[in-house]
Amino acid sequence: MDLWLIGMGTGNPEHVTLEARRALREASLVLIPRKGAGKDDLADLRHTILRACDCTARVVEFDMPVRDDALPYADRVDRWHDAIAVIWADAIAQAQLTGPVALLVWGDPGLYDSTLRIADRLTPRPRVRVVAGITALQALTAAHAIPFNTVNGAVTVTTGRRLRVHGWPVGADTIVIMLDGDCGFRTLDPDGLHIWWGAYLGMAEQVLVAGPLGQVGDRIVATRAAERARHGWIMDTYLLRRGG
Ligand SMILES: C[S@@+](CC[C@H](N)C(=O)[O-])C[C@H]1O[C@@H](n2cnc3c(N)ncnc32)[C@H](O)[C@@H]1O
């Protein structure tokens, strides 16, 4: 079985590459996750992309299982991936496949995404193809019109959880934080740090704030809370640089 993991970009249908469009036209089954209350617009976006690409594949929606918060983090994620793989396997078994199975993966399938790890759990193991997508990193730096790195500089891409637990990564002059539900930048000494923050990057709802962390940090916290209340969900990413 061929399983195509197709990067769809960060919410702007125009992020979908020509390669992705062609792949969607050649697929025989497309699996679409439903992520629960308040996130219907994310499933709708996938349908919009399929229509825009003239995709004629059979489309099967599935409910994402819920993570068991009682388990330690690693076990919780592991079991969750197992459960998703079972759902995929059932949907694939019920389909009369005449070609590849496709999944539209948010951003790029290789960046902070578990789709490849879930694909590894399928038996027999599928032939996996990845179609690259625009990531939240690129959407952020493009929206602010800034370079990702300084000249000859290193960038550490990490999570809000790691920033809160381990602090500023040793040796980095630029860091990018993803998967942060709690504004982890508040745990840092803001002196000398500049932040470029973006939510709903690439989407019509996009919001940007940039400036010295000490001056704009509180505004980001308030904006994030207000936007999250307004839409029922939020995805945000930020880049922090020493020296601005
Ligand atoms: C599970 S990761 C998926 C990343 C994705 N594979 C990529 O390539 O960007 C989800 C995180 O990506 C970031 N993200 C994804 N889409 C975003 C968007 N449109 N605006 C801001 N951040 C986004 C957020 O940090 C979010 O918590």
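A residue is taken as buried when its relative accessible area is under 20% and as exposed when that area is over 50%. In this predicted model, Tyr200 has a relative accessible area of 1% and is therefore buried. Tyr200 is located in the loop between strand 8 and strand 9, and its phi is positive, at about 50°, although the residue is not a glycine. Most residues other than glycine have a negative phi. A second residue with a positive phi that is not a glycine is Asn152, with a value near 60°. Asn152 belongs to the loop between helix 5 and strand 6 (155-159). Its relative accessibility of 79% lies over the 50% cut-off, so Asn152 counts as exposed.

Tyr200 also takes part in the surroundings of the ligand. A backbone N or O atom of Tyr200 is placed 3.4 Å from a nitrogen atom of the ligand. For Thr10, the corresponding distance from a backbone N or O atom to a ligand nitrogen is 3.0 Å, and for Leu111 it is 2.8 Å. On its own the ligand has 570 Å² of accessible area, of which the protein covers 91%. There are 16 residues around the ligand, and those that come nearest are Trp106, Leu111, Ala136, Asp236 and Thr237.

Leu111 is also one of the contacts of Leu137, a residue of helix 5 (residues 136-144). When residues up to four places away in sequence are not counted, Leu137 touches Leu111, Phe148, Val157, Val176 and Met178. With a relative accessibility of 13%, which is under the 20% cut-off, Leu137 counts as buried. The C-alpha atoms of Leu137 and Leu50 are 24 Å apart in space, and the two residues are separated by 87 residues in sequence.

Helix 7 comprises 19 residues (213-231). At 1.5 Å a residue, a span of 27 Å is expected for helix 7, and the distance of 25 Å between its end C-alpha atoms agrees with this value. The buried residues of helix 7 are Leu213, Val216, Gly217, Ile220, Thr223, Arg224 and Glu227. Viewed down the helix axis, these residues fall within an arc of 145° and therefore line one face of helix 7. They pack against strand 8 (193-199), strand 9 (207-212) and strand 10 (236-242). The other side of helix 7 carries the exposed residues Asp218 and Ala229. Gly232 follows helix 7 and has a positive phi, near 85°.

An arrangement of buried and exposed sides is also found in helix 1 (residues 18-26), where Ala20, Ala23 and Leu24 are the buried residues. Because these residues cover an arc of only 100° around the axis, they are on the same side of helix 1. Leu18 and Arg22 are exposed on the face of helix 1 that is turned away from the buried side.

The backbone geometry also includes a cis peptide bond, from Thr123 to Pro124, with omega near -10°. Most peptide bonds are trans. Pro124 is situated in the loop between helix 4 (115-119) and strand 5 (127-131).

Methods. Residues are numbered from 1 along each chain as its sequence is written. This is a predicted model: local features need pLDDT of at least 70, side-chain atom pairs count only at pLDDT 80 or more; totals for chains, interfaces and linings use all residues. Side-chain values use heavy atoms; hydrogens and water are left out. Helices (H or I, at least four residues) and strands (E, at least two) are DSSP runs, numbered from the N terminus. The expected span of a helix is 1.5 Å times one less than its number of residues. Buried means under 20% relative accessible area, exposed over 50%, partly exposed in between (1.4 Å probe, protein chains only). The arc is that of the directions from the helix axis to the C-beta atoms. Contact means heavy atoms within 4.5 Å. A residue is near a molecule or strand if one of its heavy atoms lies within 4 Å of it. A polar contact is a pair of N or O atoms within 3.5 Å; within protein, one must be able to donate a hydrogen and the other to accept it, and residues adjacent in sequence count only if both atoms are side-chain atoms. Accessible areas come from the Shrake-Rupley method with a 1.4 Å probe; for residues, only the protein chains shown count as cover.
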